[in-house]
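Please open the model in your viewer and keep the selection tool at hand. The tour below moves from one selection to the next, and says at each stop what is there.

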Amino acid sequence: MIPKTYLEFEKSLELSQVPAEWPDALKAMWYDAKGDWEASHNIAQDMHNSLGSWLHAYLHRKEGDRFNAGYWYRLADKKYPTITLDEELKVIVDFIIKR
């Protein structure tokens, strides 16, 4: 079942595998929250839309590559965030859930 709240998303992190029926964007954020940056990045880089660019930006920001992150934030039409990575993760997950 697709989570309806961020708390439900957090609870899903107890699972050993991401639910297959979830949209790719939510899967990417699940992998990131589980500490698998590479799996998350693999999904994000195959999403050729503004949401994929936002996820890609967030991941490169997390990686510490400000230049590359800035490029992806611009493609996503987002300002470079001043919030923490944990706060941005929540913002992104909430956005995906409410779509």
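Begin by selecting Ser53, which lies in helix α4, and bear in mind throughout that the model is a predicted one. Is Ser53 buried or exposed? With a relative accessibility of 7%, Ser53 counts as buried, because the cut-off for that class is under 20%. If you set aside the neighbours within four places in sequence and display what remains in contact with Ser53, you will find Met47, Trp72, Leu75 and Ala76.

Two of these partners lead on to the next selection, since Trp72 and Leu75 are among the α5 residues that meet α4. Show α4 and α5 together, and look along their axes, which come within 8 Å and cross at roughly 160°; this angle makes α4 roughly antiparallel to α5, and the crossing is left-handed. On the α4 side the contact is made by Ser53, Trp54, His56, Ala57, Tyr58, His60 and Arg61, while α5 contributes Asn68, Ala69, Trp72, Tyr73 and Leu75. Coloured by class, this contact shows seven nonpolar, four polar and one charged residues.

Keep α4 on display and add α3, whose axis comes within 9 Å of that of α4, the two crossing at roughly 150°. The helices α3 and α4 are therefore roughly antiparallel to each other, and here too the crossing is left-handed. Select Trp37, Ser40, His41 and Ala44 in α3, and you will see them meet Gly52, Leu55, His56, Leu59, His60, Lys62 and Glu63 in α4. By class, the contact of α3 with α4 has four nonpolar, five polar and two charged residues. Within α3, the buried residues are Ala39, Ser40, His41, Ile43 and Ala44, and the helices against which the buried residues of α3 pack are α2 and α4.

From there, move to α2 and show α6 beside it. Their axes lie 10 Å apart and the helices pack at an angle of about 155°, which makes α2 roughly antiparallel to α6; α2 passes α6 in a left-handed crossing. In α2 the residues to select are Ala25, Leu26, Met29, Asp32 and Ala33, and in α6 they are Leu89, Ile92, Val93, Ile96 and Ile97. What classes of residue make up the contact of α2 with α6? There are nine nonpolar residues, no polar ones and one charged residue.

Now centre the view on Val93, which, apart from its neighbours within four places in sequence, is in contact with Tyr6, Phe9, Leu26 and Met29. Val93 also belongs to the largest nonpolar core, a set of 27 residues in which Phe9, Met29, Leu55, Val93 and Ile96 have the most contacts. Elements giving two or more residues to this core are α1 (6–12), α2 (24–33), α3 (37–44), α4 (50–63), α5 (66–75) and α6 (85–98), and the largest share, six residues, comes from α4. As background, nonpolar side chains tend to be buried together in soluble globular proteins.

For the last stop, select Asp77, which is found in the loop between α5 and α6. Asp77 is exposed, with a relative accessible area of 71%, and its phi is near 60°, a positive value in a residue other than glycine. For context, most residues other than glycine have a negative phi.

Key:
Residues are numbered from 1 along each chain as its sequence is written. This is a predicted model: local features need pLDDT of at least 70, side-chain atom pairs count only at pLDDT 80 or more; totals for chains, interfaces and linings use all residues. Side-chain values use heavy atoms; hydrogens and water are left out. A nonpolar core is a set of buried Ala, Val, Leu, Ile, Met, Phe, Trp, Tyr and Cys residues joined through side-chain atoms within 4.5 Å. Buried means under 20% relative accessible area, exposed over 50%, partly exposed in between (1.4 Å probe, protein chains only). Helices (H or I, at least four residues) and strands (E, at least two) are DSSP runs, numbered from the N terminus. Contact means heavy atoms within 4.5 Å. Axes are lines fitted to C-alpha atoms, for helices over the stretch in contact, and angles run from 0 to 180 degrees between N-to-C directions. Angles under 35 degrees count as roughly parallel, over 145 as roughly antiparallel, 65 to 115 as roughly perpendicular and the rest as oblique. A crossing is left-handed if the near helix is turned anticlockwise from the far one by less than a right angle, and right-handed if clockwise. Ala, Val, Leu, Ile, Met, Phe, Trp, Tyr, Cys and Pro count as nonpolar, Asp, Glu, Lys and Arg as charged, and the others, Gly among them, as polar.
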